[in-house]
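Here is a short walk through a structure with more than one chain. Keep the view open as you read.

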Amino acid sequence: MAGLGSLGMARADAPGCGVPGSACSEAEVATHNTVRNCWVMYSGAYYAAGSFVGANGAVAVLSSGWCGRDVTVYVVGLTSAKPLVKDILASYRVGPVQ
Amino acid sequence: MDVVLAVVVVVAVVGALGAQKGVRQQVGKTVTAALPSPVPPHMYKTGETATMGVYALTVKQTRVDAQGTRPYVPGAGYQYYVADVVLKNTGKEALEAAPAVQMYLRDATGANYAMAPAPLDVPFAAGQLVAGEERAGQVSFAAPQTAVGLRLIFDPAPAAGAVAVFEMASN
């Protein structure tokens with residue numbers, strides 16, 4: 001599909017990785033570590049978070065340095081912004097981290 | 001008897017020639033018909049429902065938010081495009097809704113724009129839909145203010161090749 005590249009999915013991913021509800025390993029999520037190809041892990045799941053880091057003119061919720069990484073500790077440590085980030089994450093979940 | 005056989009043979013030969021001619025004509029017509037440009041995919045309008053396998057997606061309405069509200073402010077030259085959607089699981093087993101990888105915008109040039117956080121009343125919640133469950137919510141995207149021909153693409157099984165295309169509000 002033409003849309004895959006901009007949404008951060010790659011054909012090199014393991015079967016099912018990036019398919020809604022399918023599990024991905026931490027190592028696979030870690031390869032999505034650029035602004036245009038940004039997934040993050042949070043509380044045992046992974047999220048297609050490209051737009052979180054300001055891609056395509058969106059507001060930057062996370063710095064690009066979080067791409068490919070587990071943001072759980074970061075989000076837990078937030079104070080006023082925690083509800084905002086958790087609300088956003090709720091819409092962007094793809095599947096569990098195995 | 002010999003005369004009857006001869007007549008049968010002649011009829012058969014003529015019939016075969018006629019059939020071959022007919023085939024040639026059919027092939028010629030088929031080639032001619034295939035030359036025009038491909039038929040564009042069906043475009044769903046606001047309020048219509050696209051059913052793809054066990055997914056049934058309805059886009060209730062779409063709108064543009066050019067300004068945003070802090071902390072959601074689009075980047076320079078961009079604006080938010082918001083769609084109110086309802087997704088229903090019409091199957092007999094649970095399925096996963098993950099709009100961040102199942103929905104995106106595409107403009108007339110073929111550029112794609114992923115979901116982006118924006119001020120929303122009811123963000124669409126990703127996750128499992130049990131059999132028969134219906135979930136409503138909003139999905140938002142950031143795309144250039146100058147984008148032309150924006151469409152909302154619903155790709156329920158990424159990489160499977162089948163998508164539904166919805167009209168999207170523009171400027």
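This is a predicted model. Begin with chain B, which has two helices and eleven strands. Read from the N terminus, its elements follow the order α-β-β-β-β-β-α-β-β-β-β-β-β. Of the 171 residues in chain B, 32% are buried. Now look at how chain B is wired. Take the contacts between residues at least 6 apart in sequence: 69% of them join residues at least 24 apart.

Turn to chain A and its sheet. Four strands make an open sheet, in the order S1-S2-S3-S4, with antiparallel pairing. The edges are strand S1 (33-34) and S4 of chain A, each of which pairs on one side only. S3(A) and S4(A) run antiparallel and are joined by three bridges. At this end of the tour, find A:Ala45, which stands opposite A:Pro96 in S4(A).

Next comes the interior. In soluble globular proteins, nonpolar side chains tend to be buried together. Here the largest nonpolar core has 65 residues, and A:Val40, A:Tyr47 and A:Ala49 touch the most other members. Strand S4 (residues 78-89) of chain B gives the most to this core, with seven residues. Zoom in on A:Val40. Leaving aside neighbours within four places in sequence, A:Val40 is in contact with A:Tyr47 and A:Ala49. Its other contacts of this kind are A:Leu62, A:Trp66, A:Cys67, A:Arg69 and A:Val71.

Where do the two chains meet? On one side are 30 residues of chain A, in contact with 35 residues of chain B. Three elements of chain A give two or more residues to its side: strand S3 (45-48), helix H3 (82-92) and strand S4 (93-96). H3(A) supplies the largest share, six residues. By class, chain A's side has 18 nonpolar, ten polar and two charged residues.

How far can chain A be trusted? Its average pLDDT is 82, and 85% of the residues score at least 70. Among the elements of chain A, helix H1 (residues 26-30) has the highest mean pLDDT, 96. H3(A) has the lowest, 85. That same H3(A) gives the largest share of chain A's side of the contact with chain B. Residues 1-6 of chain A call for care, with pLDDT below 50. Beyond near neighbours in sequence, this stretch still has 15 contacts in the model. Where pLDDT is low, the predicted coordinates should not be read in detail.

Notes: Residues numbered from 1 in each chain as written. Chains lettered and ligands numbered in written order. Predicted model: local features only at pLDDT ≥ 70, side-chain atom pairs only at ≥ 80, totals over all residues. Buried ≥ 20, exposed ≤ 12 C-beta atoms within 10 Å, placed from the backbone. Contact = placed C-beta atoms within 7 Å. Core = buried A, V, L, I, M, F, W, Y, C linked by C-beta atoms within 7 Å. Nonpolar A, V, L, I, M, F, W, Y, C, P; charged D, E, K, R; others polar. Pairing = 2+ DSSP bridges. pLDDT = per-residue confidence, 0-100.
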